[in-house]
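Hi there,

Here is the structure I promised to pass on. Have a look at it first, and then read on for my notes.

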Amino acid sequence: MTKKQVLNPDQVKQEIGNYGDKIFLNSAGSSLPPKSVHEKVKEYLDLEEKEGGYKAVETMNQKIEDFYQQAAHLLGCKSHNIAFANSATDAYAKALSSVDFKPKDVILTTDDDYASNYIQFISLAKRYQIQIIRTMNHENGDLDLNDFREKIDTYRPKLVSVTHVPTNSGLIQDIKSIGEICNEKEVLFLVDACQSTGQIAVDVREIKCDFLATTGRKFLRGPRGTGLLYVSNKALRDGLFPLMIDGAGAIWDKEADFSLTPDAKRFESWEKPYALLVGLSEAIRYLNQIGIEQIEAYNRELMLRFRDNLQSIHEVSLYDRGSQKSNILTFRKKNKSMEEIQRVLNENNVFHSISSKEWGFIDFSKKNIEWAVRLSPHYFNSFEEIDKTSEIIEKL
């Protein structure tokens, strides 16, 4: 990797195409990529138009392989631990399908898991009669690690799965402590880092997880239709592979058997959107060039300012829990409907999202709400934008 650049939010914003006068606060949904990402995708598509898909892969092989190096640098692993995926859910499902569940096996998870993940758990429960057990939270929203350890000992789960940063709140889960317990108890550990990778440091050496799934379109600022999966050396040595494996992951070398690809690419599909893969590689390279440590430090100060601003407005309720909070901020304002808030934000060109109960059913049930406005700044946002948005919300 080359020498790190000093983080300059204004310069980062200038390197976004057509930012204009908007205030973009929806990086937890689908962020704004650097112009260089668009250029790399277009360059690859132009080459496919000229040479065809197969030849383009040969010509661009080094740039394709660079994806695995960039992703490995970001996550603190080796390139053989990285698999490309079409989304975080694609990566997550492939990891989940590699576990040989039997009736009465237990998945241990939390009240704050992502909807798509939990739907997969329910599907497994319907088909294979597994059990879904959840760890308790403390009053402030943090995981109760004593309860977690007790449930590990009581239920002997086949898999532990935790969402690092839930999509519906600013909570940051203590996945490092969970990883230490799972490592000690020799339990498979799957992490959904969909909302954390790119905004805070995510190092698999510290987490000690067996799998980690993430997306390209959120805080990594890559193209939609991209994601990646980290697979640990232990999972590879143990011969884990996705249920629906194809010619990318195995070689058909016996009439009734196959030999696994030795690295994490056994979790890939043979057909890939290579233009998007190269775009994701460029997005991660761009982030690595700045350094996740600088980005995390800037984001932390940005969000401290934002939360302080909104907490000073007495009609505003914030719904983010936990002792550690992320770039996701959820709020409502007293006597203001979702439609009223959205209308004013739209009129002021503030890009935002709505978190609804269906994406965090258990968490929102505990909070006794059906929706919350979600704002998710990133390191290209300025403190001036944060203050302006706060004023808009105060005047609602």
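Is Lys-208 buried, exposed or partly exposed? With a relative accessibility of 36%, Lys-208 counts as partly exposed. Please keep in mind that this is a predicted model.

Lys-208 caught my eye because of its backbone. Most residues other than glycine have a negative phi. Lys-208 is not a glycine, yet its phi is positive, at about 60 degrees. You will find Lys-208 in the loop that runs between α10 (204-207) and β7 (211-215).

Asn-368 is another residue to look at. Its phi is also positive, about 60 degrees, although Asn-368 is not a glycine. Asn-368 sits in the loop between α15 (361-367) and β15 (371-375). The relative accessible area of Asn-368 is 70%, so this residue is exposed.

Now to the cysteines. How many disulfides does the structure hold? The count is zero. Two of the cysteines help to show what lies behind that. For Cys-182, the closest cysteine sulfur belongs to Cys-209 and is 9.8 Å away, which is too far for a bond, given that a disulfide needs the two sulfur atoms within 2.5 Å. Cys-182 is also buried, because its relative accessible area is 1%. For Cys-194, the closest cysteine sulfur is again in Cys-209, at 15 Å, so a bond is ruled out by distance there too. Cys-194 has a relative accessibility of 11% and therefore counts as buried.

Best wishes

Key:
Residues numbered from 1 in each chain as written. Predicted model: local features only at pLDDT ≥ 70, side-chain atom pairs only at ≥ 80, totals over all residues. Heavy atoms only, no water. Helix = DSSP H or I, 4+ residues; strand = E, 2+ residues; numbered from the N terminus. Buried < 20%, exposed > 50% of the residue type's maximum accessible area, 1.4 Å probe, protein only.
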